[in-house]
Amino acid sequence: MKNTILSAKDLCKSFAHNGGQLHILQHIDLDLYEGDFTVIMGASGSGKSTLLYSLSGMDRATSGQVIYNGTDLVTAKENTLAALRHTDFGFIFQQMHLVSNLTLFENVAVSGYLNKKVSASEVKNHAFELLKKMNIAHIKTHLPSQVSGGEQQRCAIARAVVNKPRLLFADEPTGALNRRNTTEVLNLLTELNNSGQSILMVTHDLRASLRANRIVYLEDGKIIGELSLPPYHSDEEQSREVQVNAWLSSMEW
């Protein structure tokens, strides 16, 4: 039996629009489990990113609950949410949002310093180990503008996991990358998941979805389907792609 990390119940998100309400998320019930690599898919405008932001506390749902460690993130105070983002949650985005005047090493380490429970020396050591794991330790003194998009994203992944988050949120992390860099980033995310990292990723990319052991399909702000898969193995990718593609076709993707 898997442990539940985060649980959404009757989650709704609406915006005022032309004198009425635009319903982005409609009565979402979703549990995220420890060790899972969960992917959210759906057509453009289906509410994928809004769901990820609502689950992570980056945005507040209109109603419903998001329960994490006994705390409802929908009603939690801002300082509580900020503390969770520093310690328990990690974030990767399509645009890397690296600090332009900091080196790659500094971009990673600064995030670690925000966690007051860890000493500066521990942060430095861990940041360097992560840069080695991401194969960018040799350019650790470079600024973001001096490295490729793929190298920037690998730095962003290191920054996201420097505080050893229980849950890693990724919003289209390969959306701005070419095919080679996409494969490298997906391999790193798969390696993290294999080591026990729980991941929730939004993607529109079939290749990215193959790395998941669970795919949730969203349509018009509602979950209409879910597919469970065994852990990813590269030598089974072709048959996995056939299975996922057939399922997505049944969802009219």
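## Helix α4 and residue K132

K132 is placed in helix α4, which comprises residues 120–133. The model described here is a predicted one. K132 counts as partly exposed because its relative accessibility is 41%. Its side chain makes a polar contact of 3.2 Å with the side chain of E129. The C-alpha atom of K132 is 9.7 Å from that of A158, a residue 26 places apart from K132 along the chain.

Helix α4 has 14 residues, which at 1.5 Å a residue should span 20 Å; the C-alpha atoms at its ends are 20 Å apart, so the two values agree. Four names make up the buried set of α4: V123, A127, L130 and L131. These residues lie on the same side of α4, because they cover an arc of only 100° around the axis. Among the elements that cover them are α3 and α5, the latter formed by residues 149–161. After α4 comes N135, whose phi is positive, near 65°.

## Helix α5

Helix α5 consists of 13 residues, and the distance from its first C-alpha to its last is 19 Å, close to the 18 Å expected at 1.5 Å a residue. The rest of the structure largely encloses α5, because 12 of its 13 residues are buried.

The buried residues of α5 include the charged or polar residues E151, Q152, Q153, R154 and R159. G150, C155, A156, I157, A158, A160 and V161 are buried in α5 as well. The cover over the buried residues of α5 includes the strands β6 and β7 together with the helices α3, α4 and α6, the last of these being residues 179–194.

## The loop before α3

T103 is located in the loop that runs between β6 (89–93) and α3 (104–113). With a relative accessibility of 15%, T103 falls under the 20% limit and therefore counts as buried. When neighbours within four places in sequence are left aside, T103 is in contact with K140, T141, H142 and L143.

K140 also takes part in an arrangement with an aromatic ring: its charged end sits over the ring of F105, 5.9 Å from the ring centre.

## Aromatic pairs and the cluster

The structure contains 5 aromatic pairs. One of them is formed by Y68 and F89, with an edge-to-face geometry, a centre-to-centre distance of 4.9 Å and an angle of 65° between the planes. This pair connects distant parts of the chain, as Y68 belongs to strand β4 (residues 63–68) and F89 to strand β6, 21 residues apart. Both Y68 and F89 are buried. The rings of F89 and F169 have centres 5.2 Å apart and planes at 80°, so this pair is edge-to-face. It ties together parts that are 80 residues apart in sequence, because F89 lies in strand β6 and F169 in strand β7 (residues 167–171).

The relative accessible area of F89 is 3%, so F89 is buried. For F169 the value is 1%, and F169 is therefore buried. A single aromatic cluster is formed by Y68, F89, F91, F93 and F169.

## Strand β2: L32 and H27

L32 is part of strand β2, which covers residues 20–33. Its relative accessible area is 3%, so L32 is buried. Residues up to four places away in sequence are not counted in the contacts of L32, which are N3, T4, I5, L6, T38, L167, L200 and R214. Of these, L200 is 168 residues from L32 along the chain, and their C-alpha atoms are separated by 8.1 Å.

H27 lies in strand β2 too. H27 is not a glycine, yet its phi is positive, at about 55°. H27 counts as exposed because its relative accessibility is 53%.

## The loop between β9 and β10

D220 occupies the loop between β9 (214–219) and β10 (222–228). Although D220 is not a glycine, its phi is positive, at about 50°. The relative accessible area of D220 is 54%, so D220 is exposed.

Technical notes: Residues are numbered from 1 along each chain as its sequence is written. This is a predicted model: local features need pLDDT of at least 70, side-chain atom pairs count only at pLDDT 80 or more; totals for chains, interfaces and linings use all residues. Side-chain values use heavy atoms; hydrogens and water are left out. Helices (H or I, at least four residues) and strands (E, at least two) are DSSP runs, numbered from the N terminus. Buried means under 20% relative accessible area, exposed over 50%, partly exposed in between (1.4 Å probe, protein chains only). A polar contact is a pair of N or O atoms within 3.5 Å; within protein, one must be able to donate a hydrogen and the other to accept it, and residues adjacent in sequence count only if both atoms are side-chain atoms. Contact means heavy atoms within 4.5 Å. The expected span of a helix is 1.5 Å times one less than its number of residues. The arc is that of the directions from the helix axis to the C-beta atoms. Rings of Phe, Tyr and Trp (its six-membered ring) pair if their centres lie within 6.5 Å; planes under 30 degrees apart count as stacked, over 60 as edge-to-face and the rest as tilted. A charge sits over a ring if NZ of Lys or CZ of Arg is within 6 Å of the ring centre and within 35 degrees of the ring normal.
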